[in-house]
Amino acid sequence: MATAGDGKKKGRPRGRPRSFDRETALEKALLAFWEHGYEATSVSDLTRVMDIGTPSLYAAFGDKRSLFEEVVRVYGTGHGSFTDRALAEEPTARAAVERTLREAATAYTEPGHPHGCLVVHAATNCSDTEVEQSLRDRRNANIAAFESRIGADVAAGVLPPDTDAAALARHVGAMIQGMSQQARDGASREELEAVAEIAMTIWPRTGTHKG
């Protein structure tokens, strides 16, 4: 990975010595954006919590938006990966949704990090339209993934033929986003699990399949 401009510090990209652990610094930035949102988290806030200088931040991560985009990707493969796992691993849409809501209740309230979902809350009161749109696109992509999975179950006869896949997927999205806000407002895991249980009572069933 070394370049011709590395000088004495071999293996350092772009010739800039790095005296910090990149993954650790990135996790600290993730927590800051998660807690305060994109707009309210300044570069000076980031350098303080990441314990690095401004030149090091720009050299390692690019500008604030680039750092945030990387944070969102990391969040999606770590803290926020439970939805993708449920959709990939569960045999039906119902099982995937039930697992997603149950795991959301845990993930959104567990100690050690801000409550709620970064993708739901980080663009609150954000004046950067591109950041706002990128998070909106991610939320809508999740809803589309649920709709696709529900539609597949309708086609397979697991769900009734008159099931409105789009509306049911939108219901799931509303539950996930609402649970996130409730967690930010102090709801406990047990309270959110109760909400998730009620949400699943509207799930349509056929006479021969249990979904």
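These are my notebook entries on a helix, a pocket and a cavity in a predicted model.

**Entry 1: helix H8**

I began with H8, which runs over 129–156, and checked its length against its residue count. At 1.5 Å a residue, the 28 residues of H8 should span 40 Å, and because the C-alpha atoms at its ends lie 40 Å apart, the expected and computed spans agree.

I then looked at the two ends. At the N-terminal end I found a cap from Asp-128, where a side-chain oxygen is 3.0 Å from the backbone nitrogen of Glu-130. After the helix comes Gly-157, for which I noted a positive phi, near 85°.

Next I listed the residues of H8 that are buried, and they are Val-131, Leu-135, Arg-139, Ile-143, Phe-146, Arg-149, Ile-150 and Asp-153. In reading that list I kept in mind that an α-helix has 3.6 residues a turn, so residues three or four places apart point the same way. I also looked up what these buried residues pack against, and the partners are H1 (22–40), H4, H5, H6, H7 and H9.

**Entry 2: the largest pocket**

I turned to the largest pocket, which holds about 390 Å³ of space. Its lining is made up of 20 residues, and those closest to the pocket centre are Gly-80, Thr-83, Val-119, Arg-138 and Asn-142.

To see which elements build this lining, I went through the helices and found that H4 (64–77), H5 (82–89), H7 (118–121), H8 and H9 each supply at least two residues. H8 from the first entry gives the most to this lining, with six residues. Sorting the lining of the largest pocket by class, I recorded eleven nonpolar, six polar and three charged residues.

**Entry 3: the second largest cavity**

I also looked for enclosed space, and the structure holds two cavities of 30 Å³ or more. I followed up the second largest cavity, whose volume is about 30 Å³.

The residues that line this cavity are Val-97, Leu-101, His-171, Val-172, Met-175, Ala-199, Met-200 and Trp-203. I traced them to their elements and noted that H6 (93–107) and H9 (165–184) each supply at least two residues of the lining, with H9 giving the largest share, three residues. By class, I wrote down seven nonpolar residues and one polar residue for the lining of the second largest cavity, with no charged residues.

As a last cross-reference I marked H9, which supplies at least two residues to the lining of the largest pocket and three to the lining of the second largest cavity, and which is also among the helices that the buried residues of H8 pack against.

How values were computed
Residues numbered from 1 in each chain as written. Predicted model: local features only at pLDDT ≥ 70, side-chain atom pairs only at ≥ 80, totals over all residues. Heavy atoms only, no water. 1 Å grid on protein atoms, 1.4 Å probe; cavity = no way out; pocket = protein on both sides within 12 Å on 5 of 7 lines; lining within 4 Å. Points joined across faces, edges and corners; volume = space filled by probe spheres on them. Helix = DSSP H or I, 4+ residues; strand = E, 2+ residues; numbered from the N terminus. Nonpolar A, V, L, I, M, F, W, Y, C, P; charged D, E, K, R; others polar. Expected span 1.5 Å × (residues − 1). Buried < 20%, exposed > 50% of the residue type's maximum accessible area, 1.4 Å probe, protein only. Contact = heavy atoms within 4.5 Å. Polar contact = N/O pair within 3.5 Å; in protein donor to acceptor, adjacent residues only side chain to side chain.
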